[in-house]
Amino acid sequence: MRRRILMAIMLAVLVTACSLGIPLGYTALQIVEQITRADLATRAQQMAAVLDEEIANRRPVDLRKVAVVIPPGGRLEVMLPSEGTRVLGPEIEGDTVEESVPMVQRGTVRVMVPDGQMRTQQTQVALLVALVIIITIGIGAAVATVTAKRIARPLRHVADRASRLGAGDFRLDSTRYDLAELDSVAEALDASATALGLLIQRERDLVGDVSHQLRSRLTALQLRLETLATMSDEETAAEARAGLAQADRLAEVLDELLAAARVARSGGAEVVDLARELTAIAEEWRKPLRQDGRSLRLRLQANLVVRATPARLREVIGVLLDNAHRHGGGTVTLTARLSGETVVVEVADGGLGVPDELVPHIFDRGVSGAGSTGLGLALARALVDSDGGRLELSTARPATFSVFLRMPKAGDFPGVRWPAEKIPR
């Protein structure tokens with residue numbers, strides 16, 4: 001993109017420089033020739049006036065009286081009807097520049113000089129015009145480079161935001177570029193991120209509600225069938241046992257569908273080096289915290305890997321750090337540790353904590369204690385759930401949020417061949 005912008009601006013600069021420079025150079029050459037000829041014409045008129053005065057006073061024509069007016073290296077020819085042509089100055093070889101002026105006393109004064117001096121001046125002027133064109137192109141190239149960088153940088157940022165949005169990173173970005181078109185794109189991306197976050201939350205709620213309702217109805221149905229299966233009427237009991245078998249199969253299908261839905265939602269999950277990801281996220285948040293006089297402390301257990309979607313993980317930890325930045329106080333602590341077969345990531349701060357009335361509803365949509373949208377924590381929980389993890393408020397005072405992530409299994413490492421289990425013969 002930057003190369004295209006640079007090439008377009010440079011093409012415009014080249015066309016403009018050539019369109020103006022070529023006529024300017026031609027005009028400059030003509031002006032040099034006109035100045036040379038005008039100088040010769042002026043000298044010839046001066047000499048003609050002197051000679052006319054000599055003839056009018058009936059004095060003999062003496063060309064030496066006008067010798068000082070002849071340009072250096074020039075030649076004077078005076079043609080008089082009564083005396084013929086009289087010459088003063090050396091013979092000029094090659095091309096010349098000459099001007100003739102008629103005399104009042106029936107004659108002609110002609111002054112000529114070699115064209116070499118005029119051609120030299122024309123060459124100097126042409127080189128000066130070319131230098132101006134080159135300088136203009138250089139300035140245009142510098143301006144084009146700066147402009148291309150200024151335009152390409154926000155374009156790359158917008159493209160990166162769109163890519164992160166497609167990967168499931170729904171964090172809002174307040175960056176604006178002082179370009180109306182790009183700012184409108186950034187606002188549209190923010191609106192899309194909010195809409196997609198709400199959509200994921202609704203999907204999670206719908207799946208949870210549907211699974212809960214279906215399981216409740218299936219449990220009630222199974223209890224009734226189990227009761228019928230114990231009746232003394234053998235035919236009724238047989239039908240009840242058959243229905244109970246169908247209900248069990250339906251429960252298994254429901255479990256498989258829910259498991260498939262979870263796998264589909266976590267399709268981008270991969271083995272993630274937690275220390276590397278959390279270090280990068282922490283570096284991103286140190287500056288805004290430092291601007292408020294606060295600090296971020298990082299405590300990481302070595303060699304921790306989890307199975308998660310990197311973009312969703314960055315979104316979740318970013319939401320928790322943003323929540324600690326906006327609503328918390330003191331030092332923010334980001335911790336990662338191993339707890340059994342689960343990796344726990346905790347975000348805590350030294351603020352006043354979560355009010356008691358908000359604790360049961362802290363992850364509900366639209367619930368906020370400081371006038372924000374109340375979507376961040378609900379979205380974060382939905383994203384963690386999509387990767388098979390869990391997000392909880394571990395401690396209300398001080399506020400400590402814990403993200404429970406799954407450790408990868410052997411099959412999660414692509415390209416690694418694990419030894420088959422030995423089976424006794």
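Q122 is found in helix α2, and I'll start there. What you have in front of you is a predicted model, so please hear each value as computed from that model.

Is Q122 buried or exposed? Its relative accessible area is 9%, and buried means under 20%, so Q122 counts as buried. Leaving aside residues up to four places away in sequence, Q122 touches L29, V32 and E33. With L29 there is also a polar approach: a polar atom of the Q122 side chain lies 3.0 Å from the backbone oxygen of L29. The side chain of Q122 also makes a polar contact of 2.9 Å with the side chain of R119. One more pair to look at is Q122 and I31, which are 91 residues apart along the chain, with their C-alpha atoms separated by 9.0 Å.

Now the chain as a whole. It has 425 residues, and 35% of them are buried. The protein chain holds seven helices and eleven strands. Of the contacts with a separation of 6 or more, 65% are between residues 24 or more positions apart.

Next, a pocket. The second largest pocket has a volume of about 250 Å³. Its lining has 14 residues, and those nearest the centre are T36, D39, P71, V113 and Q117. Which elements each supply at least two residues of this lining? They are α1, residues 2-56, β4, residues 107-114, and α2, residues 116-166. The largest share is that of α1, with six residues. By type, the lining of this pocket divides into nine nonpolar, three polar and two charged residues.

From the pocket to the cavity. Rolling a probe the size of a water molecule over the atoms shows where empty space is left. How many cavities of 30 Å³ or more does a search of the whole structure find? The search finds one. The largest cavity has a volume of about 50 Å³. Around it are A308, T309, R312, L313, V316, L383, V384, D387 and L405. Two elements, α6 and α7, give two or more residues to this lining. Helix α6 gives the most, with three residues. The lining of the largest cavity consists of six nonpolar residues, one polar and two charged.

Let me take those two helices in turn. Helix α6 covers residues 310-327, which is 18 residues. From first C-alpha to last it reaches 25 Å, close to the 26 Å expected at 1.5 Å a residue. It is mostly covered, with 14 of the 18 residues of α6 buried.

Helix α7 runs over residues 376-386. It too is mostly covered, since eight of its eleven residues are buried. The buried residues of α7 are L377, A378, L379, A380, A382, L383, V384 and S386. Two of these, L383 and V384, we have already met in the lining of the largest cavity. After α7 comes G388, and its phi is positive, near 80 degrees.

Now some loops. Between β10, residues 390-395, and β11, residues 400-406, there is a loop that holds P398. The peptide bond joining R397 and P398 is cis, with omega at about -10 degrees.

Two residues other than glycine have a positive phi that I want to point out. R58 is one of them, with phi near 60 degrees. You will find R58 in the loop between α1 and β1, where β1 is residues 75-80. Exposed means over 50%, so R58, at 80% relative accessibility, counts as exposed. N303 is another, again with phi near 60 degrees. N303 sits in the loop between β6, residues 296-300, and β7, residues 305-308. Its relative accessible area is 77%, so N303 is exposed.

The last residue is E341. Where does E341 lie? It is in the loop between β8, residues 332-339, and β9, residues 342-348. E341 counts as exposed because its relative accessibility is 72%. Along the sequence E341 is 67 residues from P408, and in space the two are 9.6 Å apart, C-alpha to C-alpha.

To go back over two places: Q122 is buried in the model, and the largest cavity takes most from α6, with three residues. That is where I'll stop.

Key: Residues are numbered from 1 along each chain as its sequence is written. This is a predicted model: local features need pLDDT of at least 70, side-chain atom pairs count only at pLDDT 80 or more; totals for chains, interfaces and linings use all residues. Side-chain values use heavy atoms; hydrogens and water are left out. Helices (H or I, at least four residues) and strands (E, at least two) are DSSP runs, numbered from the N terminus. The expected span of a helix is 1.5 Å times one less than its number of residues. Buried means under 20% relative accessible area, exposed over 50%, partly exposed in between (1.4 Å probe, protein chains only). On a 1 Å grid over the protein atoms alone, a cavity is a set of points where a 1.4 Å probe fits but cannot get out, and a pocket is an open set with protein on both sides within 12 Å along at least five of seven lines; lining residues have an atom within 4 Å of a point. Grid points are joined across faces, edges and corners, and a volume is the space filled by probe spheres set on the points. Ala, Val, Leu, Ile, Met, Phe, Trp, Tyr, Cys and Pro count as nonpolar, Asp, Glu, Lys and Arg as charged, and the others, Gly among them, as polar. A polar contact is a pair of N or O atoms within 3.5 Å; within protein, one must be able to donate a hydrogen and the other to accept it, and residues adjacent in sequence count only if both atoms are side-chain atoms. Contact means heavy atoms within 4.5 Å.
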